[in-house]
Amino acid sequence: MQFYLDGYKPGDPFVDEPHPSVAERPEGLPEEADVVIIGCGPAGLVLAAQLARFPQLRTVIVDRRDGPLEVGQADGVACRTVEMFEAFGLADQLVHEGYQVNEVTFWRPDPERSGSIVRTGRIDDVEEGISEMPHMIVNQARMLAYLRENMLCSASRAEPHYGLHATDVRVGTGEHPVTVTLQHVENFEPTGETSTIRAKYVVGCDGSRSGTREAIGLRLEGDATNSSWGVLDVLAVTDFPDIRLKSAIHSEHGSILIIPREGGYLVRLYIELDNDRDAEMLRDRSATPEKLTAVANRILHPYSIDVKHVGWWAVYEIGQRLCSRFDDADDERGPRVFIAGDACHTHSAKAGQGMNVSMADAWNLGWKLGTVLNGTARPELLRTYSEERQTVAQQLIDFDREFAALFSARSDEDGGPDPERFQDYFRRQGRFTAGVAVQYEPSLLTATPEHQHLARGFPLGMRFHSAPVIRLADAKPVHLGHAARADGAWRLYAFADRAHPGSSHSRLRDLAAFLEPTIARFTPPGADPDSVIDVRAVLQQGHRDITVEDLPPIFLPHKGAFDLVDYEKAFCADPTSDIFDLRGLDRDRGALVVVRPDQHVAHVLPLGFHDELADFLRNVLVECGPRPTPWTPTTSSSG
């Protein structure tokens with residue numbers, strides 16, 4: 001983490017200086033805004049936290065609740081989501097507080113003792129090497145608290161507005177074409193007061209009953225599975241031996257998924273409710289924590305669980321539903337209203353994907369909105385949100401349907417899948433549940449893979465898979481991916497060829513000479529040179545065999561009010577875990593890996609393919625700086 005760029009100041013260095021526009025903003029709701037976000041759930045607050053990185057924009061986030069969520073709802077935080085939180089500077093707090101899922105056990109009916117269950121398997125929860133981040137369990141309310149604090153510490157000083165229910169969203173014309181009508185409520189009851197905000201864009205993160213979705217004529221399509229589950233967050237005493245391990249249990253009387261929670265004592269139980277034995281409870285909606293505990297004891301027999309305290313509970317019906325698109329765009333007009341999270345896809349909670357996919361929706365959209373409104377990216381980027389995330393949501397629905405069916409399957413069903421198949425399926429789908437299997441198709445933002453062989457470990461469309469490196473200037477071991485912040489900037493990772501970077505034969509030096517005027521072309525006047533395109537070099541030489549004096553100037557940029565040098569742009573391979581070997585990088589030719597602001601790989605190119613890089617950047621970014629003078633290479637630029 002870098003700070004003190006514009007002068008030393010006492011106090012917490014992780015609290016940004018407020019943007020000048022903050023002091024000029026009136027209290028309460030504005031009449032106009034750049035973006036209005038409806039809903040303070042995971043999607044809404046990730047979107048708000050991302051847009052808070054653009055403090056010159058006016059972002060308003062509203063929620064019908066009287067205040068922040070305090071307990072309950074989602075709790076599984078996938079590896080990919082922890083990677084995302086690292087970009088916001090929140091991963092350390094999350095990992096320190098949460099429960100880390102390390103192993104999963106599987107239980108099934110004991111073939112030797114009728115009415116009993118026996119452990120049949122135990123596997124690693126996360127595949128080795130899939131991510132540097134763990135799979136965590138943290139209450140959703142805490143996740144939202146992290147994000148609110150992050151917003152408040154940003155230069156935007158952003159805070160949600162509670163007690164506001166969006167009753168109407170209408171799209172018209174003009175600079176602020178979307179009008180949002182807000183009904184003031186207390187404890188969900190109208191007070192009689194209303195407000196309106198005119199916005200350039202509106203995002204509905206308002207859940208499965210989304211009014212924003214209805215306002216733009218979309219609907220969730222799909223079916224319920226006629227399967228109901230109870231959820232209990234409890235403090236309990238039990239003789240079940242795996243109570244502090246994630247456990248998938250199938251018995252003759254149903255199924256339970258046990259999720260240990262943070263703090264060492266709390267545990268979550270996902271309890272399958274039987275449509276015959278529990279019919280009265282389901283029909284009359286008369287479930288209570290006591291009745292759900294009784295079902296849990298029925299399934300766990302011969303083990304038992306004695307619930308001492310209930311922190312939160314609910315009953316829900318599984319349903320896989322999806323919108324056909326996630327915005328209001330048509331052939332003639334780009335999108336003005338978007339939906340994200342449960343507003344556009346719903347599914348079961350057992351695979352732990354709902355909160356994670358919703359937050360990924362928001363990050364995908366957030367940097368696009370921020371950079372388009374900031375004037376550095378082309379408006380066409382906004383159309384890619386629905387295209388990319390609707391496909392991901394469809395994959396999630398398909399996965400969830402099979403996962404839920406296998407979880408509830410009985411080994412005694414005629415021809416049905418058995419628990420061994422479920423265990424195998426769980427293992428095979430580990431990359432999906434970890435959140436790292438998402439791969440965007442070729443588009444405006446993702447190139448085709450002609451040069452993928454140069455960087456096999458960075459597949460186009462997938463998230464940039466971090467790896468250990470040594471920072472050159474201070475010899476600090478770091479993770480390369482952690483250099484990226486959620487600031488809306490593109491990253492160019494230049495993996496050098498074998499030549500010394502000071503040599504006239506260095507392709508890296510040739511690339512650097514080309515990039516300096518090219519990046520200036522896409523950088524607004526007065527902005528830091530890495531504010532739109534951030535270039536990083538990864539060298540093959542050891543960190544003791546080279547110095548910062550050997551680096552081209554672009555890897556030592558001058559920034560801030562005092563024109564200070566940023567020494568954190570160059571890295572060397574870690575000899576104990578060489579990134580060139582780990583990620584299949586071509587040592588002879590090197591490779592340029594272009595990464596989007598949401599950390600997905602957009603392009604892989606030879607170091608010498610300068611024109612192709614410039615063409616790609618021109619298609620997504622706005623030229624706002626001086627055009628470069630004609631550039632003459634010092635060496636061959638054939639790659």
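**How do we know? Questions on a predicted model**

Student: Is C79 buried or exposed, and how do you know?
Tutor: Its relative accessible area is 1%, and buried means under 20%, so C79 counts as buried. Keep in mind that this is a predicted model. C79 sits in helix α3, which covers residues 79-87.

Student: What makes up the surroundings of C79?
Tutor: Leaving out residues up to four places away in sequence, C79 touches V126, S131, M133, P134, H135 and A434. H309 is a useful marker for distance: 230 residues separate it from C79 along the chain, and their C-alpha atoms are 30 Å apart.

Student: Which class does V178 fall into, buried or exposed, and what makes you say so?
Tutor: V178 has 0% relative accessibility. With the cut-off for buried at under 20%, V178 therefore counts as buried. You'll find V178 in strand β10.

Student: How far is V178 from R336, in sequence and in space?
Tutor: They are 158 residues apart in sequence, yet 7.3 Å apart in space, C-alpha to C-alpha. R336 is also one of the residues that V178 touches, and so are V337, V169 and I197, among others.

Student: F188 and Q599 keep coming up. What is notable about phi in F188, and what about phi in Q599?
Tutor: Phi of F188 is near 70 degrees, which is positive although the residue isn't glycine. Q599 has a positive phi too, near 75 degrees, and is likewise not a glycine. F188 lies in the loop between β10 (178-186) and β11 (189-204), while Q599 lies in the loop between β26 and β27.

Student: Why is F188 put in the class it gets?
Tutor: Its relative accessibility is 42%. Buried needs under 20% and exposed needs over 50%, so F188 counts as partly exposed. Q599, at 10% relative accessibility, falls under the buried cut-off and therefore counts as buried.

Student: What makes the peptide bond from H301 to P302 worth a look?
Tutor: That bond is cis, with omega near 15 degrees. P302 belongs to the loop between α8 (289-300) and β16 (305-322).

Student: How do you know that the length of helix α13 agrees with what a helix should span?
Tutor: Helix α13 runs over residues 507-521, which is 15 residues. At 1.5 Å a residue it should span 21 Å, and its end C-alpha atoms are 22 Å apart, so the two agree.

Student: Where is the kink in α13?
Tutor: At L515, shortly before the proline P517, with a bend of about 35 degrees. L515 is also among the buried residues of α13, along with L508, F514 and I519, for example. The cover over those buried residues includes β21, β22, β26 and α15.

Student: Those strands sound like a sheet. What is the strand order, and which strands stand at the edges?
Tutor: It's an open sheet of 7 strands with mixed pairing, in the order β20-β19-β25-β22-β21-β26-β27. The edges are β20 (477-479) and β27 (601-605). Each has a single partner strand, so one side of each is left without a neighbour in the sheet. On average, neighbouring strands are turned by 30 degrees against each other, ignoring direction.

Student: What makes the pairing mixed, if I look at the partners of β25?
Tutor: Strand β19 (residues 468-471) runs antiparallel to β25 (residues 570-573), joined by 3 bridges. Strand β22 pairs with β25 in the parallel sense, also over 3 bridges. For single residues, I470 has C572 as its bridge partner, R471 stands opposite F571, and V538 is bridged to F571.

Student: Which strands does helix α15 touch?
Tutor: Helix α15 (residues 610-620) packs on the sheet and touches β21 (490-495), β22 (533-539), β26 (591-595) and β27. Its direction makes about 160 degrees with that of β27.

Student: What name does the record give to residues 438-622?
Tutor: The UniProt annotation, from an unreviewed entry, reads "domain: Phenol hydroxylase-like C-terminal dimerisation". In the model, that span is 16% helix and 21% strand, with its end C-alpha atoms 27 Å apart.

Note on methods: Residues are numbered from 1 along each chain as its sequence is written. This is a predicted model: local features need pLDDT of at least 70, side-chain atom pairs count only at pLDDT 80 or more; totals for chains, interfaces and linings use all residues. Side-chain values use heavy atoms; hydrogens and water are left out. Two strands pair if DSSP finds at least two bridges between them. Helices (H or I, at least four residues) and strands (E, at least two) are DSSP runs, numbered from the N terminus. Axes are lines fitted to C-alpha atoms, for helices over the stretch in contact, and angles run from 0 to 180 degrees between N-to-C directions. Contact means heavy atoms within 4.5 Å. UniProt positions are given in the numbering used here, feature names are shortened, and annotations may be inferred rather than shown by experiment. The expected span of a helix is 1.5 Å times one less than its number of residues. The bend at a residue is the angle between axes fitted to the seven residues ending there and the seven starting there. Buried means under 20% relative accessible area, exposed over 50%, partly exposed in between (1.4 Å probe, protein chains only).
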